[in-house]
Amino acid sequence: MAQAPVLTPQATDFPRWYQDVITKAELADNGPVRGTMVIRPYAYAIWERMQAEVDARIKAAGAENAYFPLFIPESYLTREADHVEGFSPELAVVTVAGGKELEEPVVIRPTSETVIGEFMAKWVQSYRDLPLRLNQWANVVRWEMRTRIFLRTSEFLWQEGHTAHASQQDAHRYARSILDDVYADFMEGELAVPVLRGIKTRRERFAGAINTFACEAMMRDGKALQMGTSHELGQNFARAFDIGFLDETGARQLCWTTSWGVSTRMMGGMIMCHGDDAGLRVPPRVAGTQVVVLVVRDDDAGTVSAAARDLVAQLAGSGVRVRLDADVSKAFGRRATDWELKGVPVRIELGPRDLEAGDATVVRRDQSGKSVLPLAELPARVAGLLAEIQTALFEDAAARLRGATADVSSVADAREAAATGFARMPFRAVGESGEDELAEAALTVRCLQTADGGVPTDEHDEDLVAIIGRSY
RNA sequence: CGGGGAGUAGCGCAGUUUGGUUAGCGCGCCACGUUCGGGACGUGGAGGCCGGGAGUUCAAAUCUCCCCUCCCCGACCA
């Protein structure tokens, strides 16, 4: 009866649990080259759902998709001083191609501010061309020292938005709206991951930015994960790439640019925010498979499988992403645990007994226990059930975030509180020396907020509150 | 890059200290049968350049050197 645990329990060894669940839920494998990953179909389906939802919001924010090259001339990177300093240690550089040494080495993009800047400079001539709002879905390469599947890989998939504006105020507002209306809205509404929004301190800021907005989430081990960032680049890149325009008065002006991105790291965030000791718990809205109809056992005539196929067809017809598991040659318990491991939100079990009674057994992945519902009612009830699960996952995570966040007043207390979660304290009381002191304990200021939890304009705001934690 | 651990079948491991038949075990996989409402059982089978390279030796999974990869802890980051 008592089986060995399917996964290393989270409380025993959280990193091990993470590795286990990635393997056993068939999410990803390590690639052959250091730090690379193979994203398997089950996880890629979730990524495609994430892309679709983020993409729709990006378009609603007025940006258009385009595509820029993977290869960037090395000289581009060096044009912006902070940018090159920030990225050069982690660049992958091509020096030989076609059997010949290249005259100028080519960098594999770590991010595309530079190439896109080059083309923005061509495309923007007049104030009438602004704002210019671009986005691309792409892969980027950063040779990080330490990698961790989905969270920090040598190559990852992401979306990077790049915009140019006529005024600082417009650029600021746009970077903020990406943070709020695209990222936070997606993370909370679709991923069911509550996020803290704020700005980064000077030392945590993007290389080349004047201000970085971020969404920070708390994982089940109390550590923080930066889920997405939106940067105000000031005129740094506009100056480096000469992105300028003539204003209404005929005067030449430099643009104000922004950049913003979310990546496959969100997959790691989804896993670590919702997963439990039985496996993944995928929020219904991003689940590639929302419902699995599982044939418990069948008779010789195949009556149960036929009924299950019929149910699957009805659910699919009403827009539910549903899958049939009629593989009765495998033990029922095995299949049940496997679907739990994969975190499919709803499992509908159908066997001869259910069928005879005109029922089906329904199991929610976010709760323990089963309920029996009339088979005929299911098509009408599943959508509501999925919505309930979506909400429950969010509430669960939000309660955990609240419970593991402590208000403190000194760096020493912050160190203690951040051992298990987040600490909040006045940024004034931290200061430069405080950030050094926190760093010794592997802690960082994840973001700065206003006293009421809002997003500050910039680091000069009064009464900033620092959110302190351990991070991935 | 520094410190620690590890690479042997798809997964998890034993064997390495003290070189020596044909490299084992559990799970998984394939076939057949019995089972079947929470990880079934029996019988038979398939599957290994023992991470890679170089060396020592009559003989290397085992000893030496170099390299690669993974995991954990730091510094760097989406």
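This dialogue covers the surface around RNA strand B and one sheet in a predicted model.

Biologist: How many residues surround RNA strand B, and which are the closest?

Modeller: A residue counts as near the strand if one of its heavy atoms lies within 4 Å of it. Here 46 residues surround RNA strand B, and the closest are Val 6, Gln 226, Arg 334, Arg 353 and Asp 354. By class, 17 of the residues are nonpolar, 13 polar and 16 charged.

Biologist: Which element supplies the largest share of that surface?

Modeller: Helix H10 (332-342) does, with seven residues. Helix H1 (14-24), strand S11 (224-232) and helix H11 (352-357) each supply at least two.

Biologist: What part of the RNA atoms within 4 Å of the protein belongs to sugar or phosphate?

Modeller: The share is 49%, and the rest belong to bases.

Biologist: Which side chains have an N or O atom at a short listed distance from a base?

Modeller: For a polar contact, look for a pair of N or O atoms within 3.5 Å. The side chain of Ser 263 has such an atom 2.9 Å from a base nitrogen. For Arg 265, the partner is a base oxygen at 3.2 Å. A polar side-chain atom of Glu 340 is 2.7 Å from a base nitrogen.

Biologist: Now the sheet. In what order do strands S4, S5 and S6 lie?

Modeller: Strands of a sheet pair through backbone hydrogen bonds, either parallel or antiparallel. In this open sheet the order is S4-S6-S5, with antiparallel pairing. Strands S4 (71-73) and S5 (92-97) are the edges, each pairing on one side only. Neighbouring strands are turned by 45° against each other on average, direction ignored.

Biologist: Over how many bridges do S5 and S6 pair?

Modeller: Strand S5 pairs with strand S6 (residues 100-108) over five bridges. Ala 92, for instance, has Ile 108 in S6 as its bridge partner.

Conventions: Residues are numbered from 1 along each chain as its sequence is written. Chains are lettered from A and ligands numbered from 1 in the order in which they are written. This is a predicted model: local features need pLDDT of at least 70, side-chain atom pairs count only at pLDDT 80 or more; totals for chains, interfaces and linings use all residues. Side-chain values use heavy atoms; hydrogens and water are left out. A polar contact is a pair of N or O atoms within 3.5 Å; within protein, one must be able to donate a hydrogen and the other to accept it, and residues adjacent in sequence count only if both atoms are side-chain atoms. Helices (H or I, at least four residues) and strands (E, at least two) are DSSP runs, numbered from the N terminus. Ala, Val, Leu, Ile, Met, Phe, Trp, Tyr, Cys and Pro count as nonpolar, Asp, Glu, Lys and Arg as charged, and the others, Gly among them, as polar. Two strands pair if DSSP finds at least two bridges between them. Axes are lines fitted to C-alpha atoms, for helices over the stretch in contact, and angles run from 0 to 180 degrees between N-to-C directions.
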